[in-house]
Amino acid sequence: MSKDRTPEVGDVWIDTETDRIYHITLVENDIIWFAMIYEYSGIQVFWEKLDMFCKDCKYLGKSKANINDLFKTENEE
């Protein structure tokens with residue numbers, strides 16, 4: 001997270017109302033793209049305006065994993 005509390009790629013945030021955890025995948029202008037893992041349907045990607053996202057969510061820290069690596073296999077080069 002930057003000094004001005006703006007989400008950055010790789011950050012993990014939690015929705016304070018639903019306790020859903022989000023992994024930031026892309027930040028473009030004032031739009032935040034984030035991934036959420038659902039127990040039954042897998043990963044889904046959503047977007048939200050920056051001001052609404054920061055109002056509803058709390059910063060947890062940087063992710064130790066890269067979301068792009070979740071579906072890589074040993075056979076990939």
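**Strand β1 and its place in the sheet**

Three bridges join strand β1 to strand β2 (residues 21–28), and the two strands run antiparallel. The model in which this pairing is seen is a predicted one. One of the contacts across the pair can be named: in β2, the bridge partner of I14 is I21. Together, β1 and β2 form a hairpin, with five residues between them.

It helps to step back to the whole chain. One helix and five strands make up its elements, and from the N terminus on they follow the order β-β-β-β-α-β. The strands build an open sheet of five, ordered β4-β3-β2-β1-β5, with antiparallel pairing. At the edges of this sheet lie β4 (42–49) and β5, each of which pairs on one side only. From one strand to the next, the twist averages 35°.

On its other side, β1 meets β5. What joins β1 to strand β5 (residues 57–62)? Five bridges do, and these two strands also run antiparallel. W13 stands opposite Y59 in β5, while the bridge partner of D15 in β5 is C57.

Are the residues of β1 (residues 11–15) mostly covered or mostly open? The strand is mostly covered, as five of its five residues are buried. The cover extends to both faces: D11, W13 and D15 are buried on one side, and V12 and I14 are buried on the other. For the chain as a whole, 26% of the 77 residues count as buried. The accessible surface of the chain comes to about 5,900 Å², with 51% of it belonging to carbon and sulfur atoms.

W13 takes us from the sheet to the core. Which residues make up the largest nonpolar core? There are eight in all: W13, Y22, I24, I32, F34, M36, F53 and C57. Two elements, β2 and β3, give two or more residues to this core. The largest share, three residues, comes from β3. Y22 is a good member of the core to look at in the structure above. Leaving aside residues up to four places away in sequence, Y22 touches D11, V12, W13, D15, F34, A35, M36, F53 and C57. Contacts between distant parts of the sequence can also be counted over the whole chain: of the contacts with a separation of 6 or more, 38% are between residues 24 or more positions apart.

Two loop residues deserve a closing look for their backbone angles. As a rule, most residues other than glycine have a negative phi. D19 has a positive phi of about 65° although it is not a glycine. D19 lies in the loop between β1 and β2, which places this angle in the turn of the hairpin described above. Is D19 buried or exposed? Exposed means a relative accessible area over 50%, and D19 counts as exposed because its relative accessibility is 55%.

The second of these residues is N29, found in the loop between β2 and β3 (31–38). N29 is not a glycine either, yet its phi is positive, at about 50°. With a relative accessible area of 77%, N29 is therefore exposed.

How values were computed
Residues numbered from 1 in each chain as written. Predicted model: local features only at pLDDT ≥ 70, side-chain atom pairs only at ≥ 80, totals over all residues. Heavy atoms only, no water. Buried < 20%, exposed > 50% of the residue type's maximum accessible area, 1.4 Å probe, protein only. Helix = DSSP H or I, 4+ residues; strand = E, 2+ residues; numbered from the N terminus. Pairing = 2+ DSSP bridges. Core = buried A, V, L, I, M, F, W, Y, C linked by side-chain atoms within 4.5 Å. Contact = heavy atoms within 4.5 Å. Axes fitted to C-alpha atoms, helices over the stretch in contact; angles between N-to-C directions. Areas by Shrake-Rupley, 256 points an atom, 1.4 Å probe, with all protein chains shown as cover.
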